[in-house]
Amino acid sequence: MDISIHTTTLPHDDPDASLVFYRDVLGFEVCSDVGQGRMRWITVGPAGQPGTSILLAPPAADPGISEDERRTITEMMAKGTYGWILLATPDLDATFEKVQAGDSEVVQEPTDQPYGVRDCAFRDPAGNLIRIQELR
Amino acid sequence: MCRPEWRRALVQAQRLADFARLRRVRDRIDREYARPLDVAALARDANMPAGQLSREFRAAYGRSPYAYLMARRIERAAALLRRGDLGVTEVCRAVGCASLGTFTTRFTELVGMPPGAFRRRAADAAGAADAAAGRPAPAAGPAIILDGMPAWVARRVARPVRNREAPAAGQRLA
């Protein structure tokens with residue numbers, strides 16, 4: 001078996017704002033951008049890693065999802081309790097500076113955690129928690 | 001406003017904007033829990049009356065901002081005590097609690113035992129694990145409690161939650 005993790009998804013509520021965050025702030029490459037209006041599916045990934053990507057997708061677009069569920073998901077996104085992802089970089093401080101300069105919501109400045117990692121955290125424009133850990 | 005569906009959409013948009021504002025308060029507690037934070041200051045900076053903030057925060061996150069702040073502090077305190085190189089009073093100060101009495105009460109309530117007992121038990125467990133693995137006991141070092149999980153998730157899982165069953169065996173919530 002040779003299986004890699006290819007795509008994971010995060011929801012957006014403003015595709016253009018999310019695109020700016022992942023492309024211009026995090027420096028990801030845009031692999032594809034389909035759909036229109038709020039119904040857009042945007043695939044982004046770290047530069048030089050074509051095998052790994054994040055699909056930014058409209059939340060609860062599946063027609064099988066009820067109105068109540070849809071409302072719950074959008075409310076959880078707004079509350080910041082829905083989507084999250086853990087990224088990693090060898091240079092946490094430079095990454096933090098760059099993301100902070102992009103006027104993003106900082107959740108946590110670079111911190112040495114008592115459990116042995118050093119990390120920081122942001123919100124993306126949709127309220128997803130983006131935690132970035134230092135590679136050692 | 002003649003169409004009910006427009007009105008509903010407006011109400012829902014306002015609700016989402018209010019949630020985003022509460023999210024920023026919660027993120028600020030996560031970020032600044034070690035500073036002398038109080039609900040009045042959080043409410044002032046969020047442009048809301050303190051009572052309204054407490055009510056809405058509790059409705060959104062299941063507990064008041066004060067309870068969330070104290071849970072955050074106690075969670076961090078448990079991590080520091082588990083590490084073993086700080087005393088209870090130092091840990092209390094490090095997590096932003098001004099009163100040792102309040103700290104001890106809340107810790108006992110959330111973790112199921114007083115901070116001193118928790119520290120001793122963590123030291124015993126780390127010593128036993130080292131002895132079992134044939135390692136000499138280190139003077140101080142992080143004890144890995146949930147092997148194989150991203151550390152941040154482990155922290156979330158291990159976070160004290162009031163009125164819910166404690167994750168670790170042998171601990172009982174008050």
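**Figure 1. Salt bridges and polar contacts across the interface of chain B and chain A.** In this predicted model, 4 salt bridges are found across the interface of chain B and chain A. One of the pairs that meet the salt-bridge rule joins R23(B) to E105(A), with their closest N and O atoms 2.9 Å apart. The count of residue pairs in polar contact between chain B and chain A is 9, both residues of each pair being at pLDDT 80 or more.

**Figure 2. The side of chain B that touches chain A.** At least two residues of this side are supplied by each of helix 1 (4-32), helix 3 (50-61), helix 4 (65-83) and helix 8 (151-158) of chain B. Helix 1 of chain B provides the largest share, 10 residues. Sorted by class, the side of chain B that touches chain A consists of 12 nonpolar, 1 polar and 9 charged residues. Taken over both partners, the contact involves 22 residues from chain B and 23 residues from chain A, and the two chains bury about 2100 Å² between them, with 57% of that area on carbon and sulfur atoms.

**Figure 3. Helix 2 of chain A against helix 1 of chain B.** Helix 2 (residues 67-79) of chain A packs with helix 1 of chain B at an angle of about 35°, and the axes of the two helices lie 7 Å apart. On helix 2 of chain A the contact is made by R71(A), T74(A), E75(A), M77(A), A78(A) and K79(A), while helix 1 of chain B contributes Q12(B), R15(B), L16(B), F19(B), A20(B), R23(B) and R26(B). The residues of this contact divide into 5 nonpolar, 2 polar and 6 charged. R23(B), listed here among the contributors from helix 1 of chain B, is also the residue that forms a salt bridge with E105(A).

**Figure 4. The sheet of strands 5 to 8 in chain A, with helix 1 of chain B packed on it.** In chain A, 4 strands form an open sheet in the order 5-8-7-6, with mixed pairing. Strand 5 (84-89) and strand 6 (105-112) of chain A stand at the edges and have a single partner strand each, so one side of each is left without a neighbour in the sheet. Neighbouring strands of this sheet are turned by 15° against each other on average, when direction is ignored. Helix 1 of chain B packs on the sheet by touching strand 6 and strand 7 of chain A, and its direction makes about 15° with that of strand 6 of chain A.

**Figure 5. Antiparallel pairs within the sheet of strands 5 to 8.** Strand 6 and strand 7 of chain A pair in the antiparallel sense over 5 bridges, with D112(A) opposite R118(A) in strand 7 of chain A. These two strands form a hairpin with 5 residues between them, and in its turn G116(A) has a positive phi of about 100°. Strand 7 (residues 118-123) of chain A pairs in turn with strand 8 (residues 129-134) of chain A, in the antiparallel sense and over 5 bridges; in this pair R123(A) stands opposite L129(A) of strand 8.

**Figure 6. The sheet of strands 1 to 4 in chain A and its helix.** Another set of 4 strands in chain A forms an open sheet in the order 1-4-3-2, again with mixed pairing. Its edge strands are strand 1 (7-11) and strand 2 (29-36) of chain A, each of which pairs on one side only. Between neighbouring strands of this sheet the average turn is 20°, direction ignored. Helix 1 (residues 15-25) of chain A packs on the sheet, touching strand 1, strand 2, strand 3 and strand 4 of chain A, and its direction makes about 5° with that of strand 3 of chain A. Strand 3 (residues 39-45) and strand 4 (residues 53-57) of chain A pair in the antiparallel sense over 3 bridges, with V44(A) standing opposite I54(A) in strand 4 of chain A.

Notes:
Residues numbered from 1 in each chain as written. Chains lettered and ligands numbered in written order. Predicted model: local features only at pLDDT ≥ 70, side-chain atom pairs only at ≥ 80, totals over all residues. Heavy atoms only, no water. Pairing = 2+ DSSP bridges. Axes fitted to C-alpha atoms, helices over the stretch in contact; angles between N-to-C directions. Contact = heavy atoms within 4.5 Å. Buried area = accessible area lost by both parts, 1.4 Å probe. Salt bridge = Lys/Arg side-chain N within 4 Å of Asp/Glu carboxyl O. Polar contact = N/O pair within 3.5 Å; in protein donor to acceptor, adjacent residues only side chain to side chain. Nonpolar A, V, L, I, M, F, W, Y, C, P; charged D, E, K, R; others polar.
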